[in-house]
Amino acid sequence: MRLLITNIGILAGLDKEQKLRLCGSEMKQFSTIENAWLLIEDSRFKDWGKMSEMPSEGIPSDKTIDAGGGAVLPSWCDPHTHIVFAGSREGEFVDKICGLSYAEIAKRGGGILNSADLLHTLSEDELYSSAMRRVDEIIRKGTGCVEIKSGYGLNTEDELKMLRVIRRIKETTPLKVKSTFLGAHAVGRGYSQPDYVDLVVNEMIPEVGKEHLADYVDVFCDEGFFTPEETARILEAASKWGMMPKIHADELASSGGVEVGVKHGALSVDHLESMTVEEIELLRGTSTMPTVLPGTSFFLNLPYGKARQMVDAGLAVAVASDYNPGSTPSGDMKFIVSLACIKLRLLPAEALNAATINSACAMGESKDYGSIAVGKVANVFITDPIPSISYIPYAYTTPIVRKVILSGEEVG
């Protein structure tokens with residue numbers, strides 16, 4: 001199957017060098033050509049060029065899409081979400097407006113525990129149905145590759161239920177889906193913290209491993225949740241089952257999560273709202289991707305992560321939505337790119353790279369996703385005509401996605 005897209009106003013995110021991530025000043029380069037065509041063959045990118053240089057006999061294809069002057073970009077890659085959940089938490093939204101912090105709500109037995117209580121009452125079919133509505137939503141908004149975590153089960157049966165739902169999403173959606181076991185999201189009701197960590201290590205991880213339900217393991221290593229020592233123990237147990245770490249770190253305080261993540265070769269350390277300058281230095285020279293979640297800062301009125309300082313220090317940086325019912329009820333990666341510019345002070349090209357090639361790298365998927373490169377999976381979206389790529393974060397609430405193509409097939 002050969003799909004040809006013609007009359008592209010701006011073809012963006014081109015990657016002839018096929019880099020796996022962009023660091024520091026490299027992030028300023030979001031390569032584009034104007035008035036272009038793009039050829040997709042057997043679900044992967046084949047070739048591209050300027051319309052003025054197209055062969056006079058044309059390019060053989062089975063189907064042609066006229067972009068009508070719109071831009072074509074690589075699909076967003078969202079490396080941190082919790083989109084399998086039961087119910088909403090707008091009551092806590094009101095609590096936050098009235099002055100309660102995220103930590104205070106958690107201490108009162110709310111937050112993650114409320115989501116766990118709701119999830120316990122639903123079947124796998126019900127969870128799958130509700131999650132697929134969110135999956136369809138993010139596809140329409142341009143996301144083509146996503147990581148989904150468990151973590152609202154907080155007992156073995158319900159954690160496995162969540163991961164089976166994620167597996168079902170993998171099997172039935174055109175999205176590329178990566179799954180993460182986050183049993184250590186909070187301490188489940190009725191457990192002491194030591195007993196719960198024992199449960200995660202001795203029961204949950206082996207059961208998840210036996211069913212091959214998770215690509216990665218995550219721990220909420222933060223003040224009031226899990227200590228660096230507990231985190232290390234969980235990561236070591238999961239490594240025996242082939243689960244690579246991705247760490248919740250420094251959301252509420254400088255927690256030691258970055259250090260334990262780097263020590264254990266974490267694919268990414270995520271959140272980083274309370275990250276210190278010293279922790280930026282810890283990441284230098286490592287393969288661990290710092291992943292910033294500006295939507296969480298926006299919704300919870302937390303400090304914004306030091307993305308500008310990290311890029312200036314020569315690090316690669318990724319961004320993610322953190323789509324979840326409590327702290328970021330949105331999976332709109334275009335808005336995340338806008339926040340990356342407005343609040344993290346990234347340039348538009350840097351923010352776009354943070355939401356594509358670097359966020360694919362934060363999922364271990366940048367060999368196949370995150371840029372338009374020969375041989376990569378053809379995940380793109382076509383926009384309405386726009387004056388430049390800087391318009392994307394500038395017009396922060398304007399919907400621009402007109403068509404979505406995943407694995408070379410038009411979706412919807």
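The following questions and answers examine the cavities, cysteines, sheets and salt bridges of a predicted model.

Residues are numbered from 1 along each chain as its sequence is written, and side-chain values use heavy atoms, with hydrogens and water left out. In this predicted model, local features need pLDDT of at least 70 and side-chain atom pairs count only at pLDDT 80 or more, while totals for chains, interfaces and linings use all residues.

Q: How many cavities of 30 Å³ or more does the count give?
A: Rolling a probe the size of a water molecule over the atoms shows where empty space is left. On a 1 Å grid over the protein atoms alone, a cavity is a set of points where a 1.4 Å probe fits but cannot get out. Grid points are joined across faces, edges and corners, and a volume is the space filled by probe spheres set on the points. By this rule, the number of cavities of 30 Å³ or more is two.

Q: Which residues are closest to the centre of the largest cavity?
A: The largest cavity holds about 80 Å³ of space. Its lining consists of 14 residues, where a lining residue has an atom within 4 Å of a point. Those closest to the centre are Y102, Y152, H185, N324 and S327.

Q: How many charged residues are in the lining of the second largest cavity?
A: The second largest cavity has a volume of about 40 Å³, and its lining includes W76, C77, C145 and Y369. Two elements, β6 (76-78) and β7 (143-149), each give two or more residues to this lining; strands (E, at least two residues) and helices (H or I, at least four) are DSSP runs, numbered from the N terminus. Ala, Val, Leu, Ile, Met, Phe, Trp, Tyr, Cys and Pro count as nonpolar, Asp, Glu, Lys and Arg as charged, and the others, Gly among them, as polar. The lining has six nonpolar and five polar residues, and the number of charged residues is zero: there are no charged ones.

Q: Why does C77 form no bond with the closest cysteine sulfur?
A: A disulfide is a covalent bond between the sulfur atoms of two cysteines. Here it is counted as a pair of cysteine sulfur atoms within 2.5 Å, and the whole structure has zero disulfides. The closest cysteine sulfur to that of C77 belongs to C145, and it is too far for a bond because the distance is 4.6 Å.

Q: Is C98 buried or exposed?
A: Buried means under 20% relative accessible area, exposed over 50%, and partly exposed in between (1.4 Å probe, protein chains only). C77, with a relative accessible area of 2%, is buried. C98 has a relative accessible area of 67%, so this cysteine is exposed.

Q: Which strands stand at the edges of the open sheet of eight strands?
A: Strands of a sheet pair through backbone hydrogen bonds, either parallel or antiparallel; two strands count as a pair if DSSP finds at least two bridges between them. The open sheet has the order β6-β7-β8-β9-β10-β11-β12-β13, with parallel pairing. Each edge strand has a single partner, so one side of each is left without a neighbour in the sheet; these strands are β6 and β13 (318-319).

Q: Which residue in β15 is the bridge partner of F381?
A: Strand β14 (residues 380-383) has V380 and I382 pointing one way and F381 and T383 the other, and all are buried. β14 runs antiparallel to strand β5 (residues 71-74), with three bridges, and V72 stands opposite I382. Four bridges join β14 to strand β15 (residues 401-406), also in the antiparallel sense. The partner of F381 in β15 is V404.

Q: How many residues apart in sequence are the parts that D218 and K149 tie together?
A: A salt bridge is a side-chain nitrogen of Lys or Arg within 4 Å of a carboxyl oxygen of Asp or Glu, and the structure holds 25 of them. The D218 and K149 side chains meet in one (2.8 Å, N to O), and both residues are buried. D218 lies in strand β9 (residues 216-221) and K149 in strand β7, so the parts tied together are separated in sequence by 69 residues.

Q: Which helix holds both R308 and D312?
A: The side chains of R308 and D312 meet in a salt bridge (3.0 Å, N to O). R308 counts as buried at 18% relative accessibility, whereas D312 is exposed at 57%. The two residues are four apart, about one turn of the helix, and both lie in helix α11 (residues 307-312).

Note on methods:
1 Å grid on protein atoms, 1.4 Å probe; cavity = no way out; pocket = protein on both sides within 12 Å on 5 of 7 lines; lining within 4 Å.
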